[in-house]
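Please look over the sequence and the model shown here before reading on. The paragraphs that follow lead through the backbone, the sheets, the core and the ligand surroundings in turn.

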Amino acid sequence: MYNVIIIGAGPGGIFTAYELSNLNPDLKIAVFDSGHDLGSRHCPIDGVKVKSCVGCRSCSIMSGFGGAGAFSDGKYNITNDFGGTLHEHIGKKKALELMKYVDDINVKFGGAGTRLYSTAGTKFKKLCIQNKLNLLDASVRHLGTDINFVVLQNLYDELSKKVEFFFDTPVREVKVVDGGFEIYTDDEKYTCEKCVVSVGRSGSKWMETVCKNLGIRTKSNRVDIGVRVELPAVVFSHLTDELYESKIVYRTEKFEDNVRTFCMNPNGIVVNENTNGIVTVNGHSYEDPKLQTENTNFALLVSKHFSEPFEDSNGYGESIARLSNMLGGGVMVQRFGDLVRGRRSNVKRIEEGLVTPTLAATPGDLSLVLPKRILDGIIEMIYALDKIAPGTANDDTLLYGVEVKFYNMEVELNDNLQTKYDGLYVIGDGSGITHSLSHASASGVFVARDIAGISE
Ligand SMILES: Cc1cc2nc3c(=O)[nH]c(=O)nc-3n(C[C@H](O)[C@H](O)[C@H](O)COP(=O)(O)OP(=O)(O)OC[C@H]3O[C@@H](n4cnc5c(N)ncnc54)[C@H](O)[C@@H]3O)c2cc1C
């Protein structure tokens, strides 16, 4: 019997446990995660013996202590402009306050000395507007994959003294009973008074089942589809040196769709991501200069939201990713020059190019995978970015596909992030409300304070 059970040890779950165990050390708290402890998380892809995803039972990139954030770039964006809609529930001021609080904790647990970048007062805002690009406002703490890992390890060392962790223990079912909840794993049943579900994107299908079984309403969310761009770091260095990450939105002339940059990784690497068996692409970078590359990567994404009569936005994104997996055996890569000339890339053309790929992907033709409307938007945006960062539209710029950002169905929650069942909270990316490290972590702090009876 626990006072509180937290399902999922990603940033949402970690910050719930952290805040709750500090506010009320007498509480008996357990955290369950289907993935491994931090030290046991290894992706077998080494680029030599194992070149592509082998479909591990628990994906070490997505699951385990630290959640999807463990090998991320550790970019904590402090903003309400992107990264989720937490502010719609708790208010903009509170959301920012909690993101700053999370930043302080990250700094305290190993992030000291990392840089906090900001768009405030930047000259790039004007340059972007002059070229029909909109640079969004944000502050971003870049921990880097290496320091992010140190912060997580330090947080775990602190938390493990106060909280019980169950790794490699997927929760199969949540039942509502008198006075609380029953949590079922493969072998055991546990009970708790309050339950915080924070299962992230990897738990999206399970979350849907839980909501269905418990009669909790959900609504469809959007899906973001696009490519990851990789180019020489010098092309974007004037922007990345000052802002690190620039979130830029472009409205296409042809379809009036919004295309945006996402997850910019100066001197970073491109990686595979496996969500429920579908291999897509992502990126990150290290703070340690020794681990940095000469390339910068970022995603270009277009949002699609289906509601009537078809409402499965994720299913649409999955189908496109499956098509790319079918044609490329995983992630596909194409030179921008080949794409605009309407021909596939091959190994020779990639090898002869100026940009050395940081991910071993299959050379192919993205126009056979991405819908025309999305691809046209991406091409238009690459030419628009070329005006503020000349070289973006070079022939040798690499495009990896596909990058898909799946968002969970949005779970019906009140403003305390509680379901219709008193004491059953859903937070982080699993709620469909957050899509980032900072928002997911802030939602954890918020709920911990609610459980501890601290009125916000
Ligand atoms: C490669 C990569 C790079 C990224 N880079 C950034 C970045 O730089 N900045 C940024 O803001 N965001 C980034 N993100 C996104 C960010 O990682 C997520 O937004 C964030 O981790 C969400 O936190 P969460 O706690 O809600 O969920 P998650 O981090 O996904 O954690 C959920 C946890 O729940 C566990 N779980 C799932 N189902 C069950 C179950 N049934 N039982 C028990 N446990 C379960 C999972 O194993 C997982 O550990 C990145 C993501 C990836 C994959």
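**A walk through the model**

Tyr244 is buried, with 22 other C-beta atoms within 10 Å of its own; a residue counts as buried if 20 or more other C-beta atoms, placed from the backbone, lie within 10 Å of its own, as exposed if 12 or fewer do, and as partly exposed in between. This is a predicted model, in which local features need pLDDT of at least 70 and side-chain atom pairs count only at pLDDT 80 or more, whereas totals for chains, interfaces and linings use all residues. Residues are numbered from 1 along each chain as its sequence is written.

Tyr244 is also notable for its backbone, since its phi is positive, at about 65 degrees, although Tyr244 is not a glycine. This residue sits in the loop between helix H7 (233-243) and strand S13 (248-251), where helices (H or I, at least four residues) and strands (E, at least two) are DSSP runs numbered from the N terminus. Asn267 likewise has a positive phi, near 55 degrees, in a residue other than glycine, and its place is in the loop between strand S14 (258-265) and S15. With 17 C-beta neighbours inside 10 Å, however, Asn267 counts as partly exposed. A further backbone feature is the cis peptide bond that joins Gly401 and Val402, with omega at about 0 degrees; Val402 belongs to strand S20.

Strand S20 leads to an open sheet of 8 strands, which has mixed pairing and the order S5-S13-S14-S17-S12-S20-S18-S19; two strands pair if DSSP finds at least two bridges between them. Strand S5 (133-135) and strand S19 (362-363) stand at the edges, each with a single partner strand, so one side of each is left without a neighbour in the sheet. Within the sheet, strand S12 (residues 223-232) and strand S20 (residues 398-406) pair in the antiparallel sense over 7 bridges, and the bridge partner of Ile225 in S20 is Val404. Helix H8 (residues 313-328) packs on this sheet and touches S12, strand S17 (295-304), strand S18 (332-335), S19 and S20, while its direction makes about 150 degrees with that of S20; axes are lines fitted to C-alpha atoms, for helices over the stretch in contact, and angles run from 0 to 180 degrees between N-to-C directions.

Another open sheet has 3 strands in the order S3-S6-S4, with antiparallel pairing. Its edge strands are S3 and strand S4 (115-118), each of which pairs on one side only. S4 and strand S6 (residues 139-142) run antiparallel and are joined by 4 bridges, with Tyr117 standing opposite Val140 in S6. Helix H3 (residues 92-111) packs on the sheet, touching S3 and S6, and its direction makes about 150 degrees with that of S3.

Turning to the interior, the largest nonpolar core (a set of buried Ala, Val, Leu, Ile, Met, Phe, Trp, Tyr and Cys residues joined through C-beta atoms within 7 Å) has 130 residues, and those with the most contacts inside it are Val4, Ile5, Ala17, Cys195, Ile378 and Tyr400. Leaving aside its neighbours within four places in sequence, Ile5 is in contact (C-beta atoms, placed from the backbone, within 7 Å) with residues including Ala30, Phe32 and Cys195.

Finally, 47 residues surround the ligand, and the closest are Gly10, Gly67, Gly200, Gly203 and Gly428; a residue is near a molecule if its C-beta atom, placed from the backbone, lies within 6 Å of it. Among the elements that give two or more residues to this shell are helix H1 (11-23) and helix H12 (437-451).

Conventions: Two residues are in contact if their C-beta atoms, placed from the backbone, lie within 7 Å.
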